[in-house]
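Reader: Hello! I am new to this structure and would like a close look at how its residues are placed, buried or exposed. Please set the scene for me and then go through the residues one at a time.

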Amino acid sequence: MSNAQPSHLELVSSHLSFGGLYQRYRHSSQVLDCEMTFGIFLPDQRQHPQPNLLWWLSGLTCTDENFMQKAGAHRLASELGLAIVCPDTSPRGTDLPHEHESYDLGSGAGFYLNATRAPWNQHYRMYDYVVDELPRVVRDNFSLGEGESICGHSMGGHGALVLALRNPDRYASVSAFAPIVNPSQVPWGEKAFSHYLGEHRDEWQQYDAVALLASHAPGRTVPPMLVDQGEADSFIEEGQLMPQRLEEACQKQGVACELRMQPGYDHSYFFIASFIEDHLRFHARHLGQR
C-alpha cells in the first residue's frame, strides 16, 4: 500500500437509489498520473453502518457508469447491505499516441494490468490502481466493513479472476460474466498484451487466469468462483472467450468453479441484469462467512 496522504475527492454526482446512495467521485491518481472517476453505491448506512465491499470491473469500452446504470444491482445490494465500487476501465485524459484509435487498446481498454512498455507504462497501471491505490482512497473516505469480494464482465471478468487468483487472501469470493479467461491466447489479449507488455509471452502469464491456474500450487487457497456465460454470445464464435479452458484448468487443479452456460443470452447488459441477483447473493453469502 502507498504511504501517500489520502486523496481529495471531488463529488461529481449523487443520487438516492433504493434507500442507498449512488455517487461518482473524481480524484487525482498518483499511480496512473491522471484524473480518475469512480462510482460507489452505499446501502442505507442507518441499517448497514459498515457494509462489506463488492468490486465491479467493467469491460471494453465501458466507464465507471455502465454497471451502476444498467445492471439493476442497487435494490438487492441495499437489501443485502453490500457497498459496490466501480472503477473506470483505463486511465483518462492522457492522450498517448494511438490511445483513442481502437476500442480494444488504450482508452477504455486498460485490461487491469501494469504496462511495462513505453509509452503505456507512464499511465496504464490499472492493476496497482485497483489492488492498492483505489482501495486505500475508498477506505480513507468511507465507512466500510473489512470484507471484500470482486466480480466483473468480459475484460472486467478477466480482471476479477486475475486479481482474485493473485490475491486469494484478499477476496472472499470472485465471479464473472463472460470473462476473457485466457487472454494470452486470444486476439483481444494478444493485441493488448503485446502493446502494454511487449513480445515476451512469459510476462503475459501473470495476467491470464488459465495460466495462473495451471501454475497453482497444491493446497493454495482459491476464492469461491462463479462464472456465467451466455451461449448466444457472438464473441465465443470469434474465439475471444474460452469458458471451457477455465473449466478444464480448474478441474486439473482441483479448484471449485461453478460455470453456468446460459442458453440464448448474449454479451450485453441484458444478460448481466438477468443474473446479477445470483451473483450478489453469492458474494453476500461468502462475505458473511468471513
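Author: Let us start with the word you used: a residue is buried when its relative accessible area is under 20%, exposed when it is over 50%, and partly exposed in between (1.4 Å probe, protein chains only). By that rule, 60% of the 290 residues of the protein count as buried. What you are viewing is a predicted model, in which local features need pLDDT of at least 70 and side-chain atom pairs count only at pLDDT 80 or more, while totals for chains, interfaces and linings use all residues. Residues are numbered from 1 along each chain as its sequence is written, and side-chain values use heavy atoms, with hydrogens and water left out.

Now for the setting. The protein holds 9 helices and 9 strands, both being DSSP runs numbered from the N terminus (helices are H or I with at least four residues, strands are E with at least two). Its radius of gyration is 18 Å, close to the 19 Å that the globule rule gives for 290 residues, so the protein is as compact as a globular protein of that length. That radius is taken over C-alpha atoms, and the rule is 2.2 Å times the number of residues to the power 0.38. Along its principal axes, the C-alpha trace spans about 50 × 40 × 35 Å.

On the outside, the protein exposes about 11900 Å², and carbon and sulfur atoms supply 46% of this area; the areas come from the Shrake-Rupley method with a 1.4 Å probe, and for residues only the protein chains shown count as cover. Contacts, meaning heavy atoms within 4.5 Å, tell us about the inside: of those between residues at least 6 apart in sequence, 72% join residues at least 24 apart.

With that in mind, here are the buried residues. Gly20 belongs to strand β2, which covers residues 20–29. With a relative accessible area of 2%, Gly20 is buried. Leaving out residues up to four places away in sequence, Gly20 touches His15, Phe41, Leu42, Pro43, Asp44 and Ser78. Gly81 sits 61 residues from Gly20 along the chain, and their C-alpha atoms are 9.5 Å apart.

Next is Thr37, in strand β3 (residues 34–42). Thr37 is buried too, at a relative accessible area of 14%. Apart from residues up to four places away in sequence, Thr37 touches Arg24, Tyr25, Arg26, Asp64, Pro87 and Asp88.

Tyr112 is another one to find, in the loop between β5 and α3. Its relative accessibility is 1%, and Tyr112 counts as buried. The backbone here deserves a glance as well: phi of Tyr112 is near 55°, a positive value in a residue other than glycine. Pro119 lies in the loop between β5 (82–86) and α3 (126–141), and the peptide bond leading from Ala118 to Pro119 is cis, with omega near 0°.

For an exposed residue, turn to Asp33, in the loop between β2 and β3. Asp33 has a relative accessible area of 53% and is exposed. Its phi is near 55°, again positive in a residue other than glycine.

The middle group has two members for us to visit. Glu231 is in the loop between β8 (225–230) and α7 (234–237), and at 46% relative accessibility it counts as partly exposed. Beyond its neighbours within four places in sequence, Glu231 is in contact with Met261, Gln262, Pro263, Gly264 and Tyr265. Glu231 and Tyr265 are 34 residues apart in sequence, with 5.9 Å from C-alpha to C-alpha.

Ile236 is found in helix α7 and is partly exposed, with a relative accessible area of 26%. Residues up to four places away aside, Ile236 touches Gln229, Gly230, Leu241 and Met261. Met261 therefore appears in the contacts of both Ile236 and Glu231, under the definition of heavy atoms within 4.5 Å. For a longer separation, try Ile236 and Gly106: they are 130 residues apart along the chain, with 23 Å between their C-alpha atoms.
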